[in-house]
Amino acid sequence: SNFVNAIYNMSYDIAQKHNIDFTYLLPLIIETATRLNYGSPQQFQTGPALRSDNSVVNKHVEMLKEDEMVQIIYKELTNYIKTKYNKHE
């Protein structure tokens, strides 16, 4: 849970920076955790990395340009998803 909590912390910081109430993310966080009652995390993976939607990935990377460490983590997680699901071009 330490890694997941660290990602929540990054999300919290990003939300604060953009004047977004972090509690808006709670339904997504709860839904993501609840799904695990019904299958494996692999079954429920979604997002631009899985879809190979590089335009969205690039927009996200650009949005994170002010925090290099978070940008690097985002890129590494994107690469993990692409590798796990063989989505590299």
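A residue is called buried here when its relative accessible area is under 20%. By that cut-off, K82 counts as buried, because its relative accessibility is 10%. This charged residue belongs to helix 5, and in this predicted model its C-alpha lies 7.6 Å from that of S52, although the two are 30 residues apart in sequence.

Helix 5 offers a second residue worth a look, Q71. Q71 also falls below the cut-off, with a relative accessible area of 14%, and is therefore buried. Once neighbours within four places in sequence are set aside, the contacts of Q71 are with V61, L64 and K65. Of these partners, V61 falls within the span of helix 4, which runs from 54 to 63.

Attention then turns to the other end of the chain. Helix 1 contains 16 residues, and the distance from its first C-alpha to its last is 23 Å, close to the 22 Å that would be expected at 1.5 Å a residue. After helix 1 comes N19, a residue with a positive phi, near 55°.

Helix 1 also takes part in the one aromatic pair that the structure holds. The partners are Y12 and F22, arranged edge-to-face, with 5.4 Å from centre to centre and 65° between the planes. Y12 sits in helix 1, while F22 sits in the loop between helix 1 and helix 2, so the pair ties together parts that are 10 residues apart in sequence. The two rings belong to residues that fall in separate accessibility classes: Y12, at 36% relative accessibility, counts as partly exposed, whereas F22, at 15%, counts as buried.

Finally, the model can be viewed through its pockets. The largest pocket has a volume of about 1900 Å³, and its lining is made up of 40 residues. Nearest the centre of this pocket lie I7, S11, L28, Q45 and L77. Two or more lining residues come from each of helix 1 (2–17), helix 2 (26–35), helix 3 (48–51), helix 4 (54–63) and helix 5 (68–84). In chemical character, the lining of the largest pocket divides into 28 nonpolar residues, nine polar ones and three charged ones. The helices discussed above thus return here, because helix 1 and helix 5 are both among the elements that give two or more residues to this lining.

Definitions and conventions
Residues are numbered from 1 along each chain as its sequence is written. This is a predicted model: local features need pLDDT of at least 70, side-chain atom pairs count only at pLDDT 80 or more; totals for chains, interfaces and linings use all residues. Side-chain values use heavy atoms; hydrogens and water are left out. On a 1 Å grid over the protein atoms alone, a cavity is a set of points where a 1.4 Å probe fits but cannot get out, and a pocket is an open set with protein on both sides within 12 Å along at least five of seven lines; lining residues have an atom within 4 Å of a point. Grid points are joined across faces, edges and corners, and a volume is the space filled by probe spheres set on the points. Helices (H or I, at least four residues) and strands (E, at least two) are DSSP runs, numbered from the N terminus. Rings of Phe, Tyr and Trp (its six-membered ring) pair if their centres lie within 6.5 Å; planes under 30 degrees apart count as stacked, over 60 as edge-to-face and the rest as tilted. Buried means under 20% relative accessible area, exposed over 50%, partly exposed in between (1.4 Å probe, protein chains only). Contact means heavy atoms within 4.5 Å. The expected span of a helix is 1.5 Å times one less than its number of residues.
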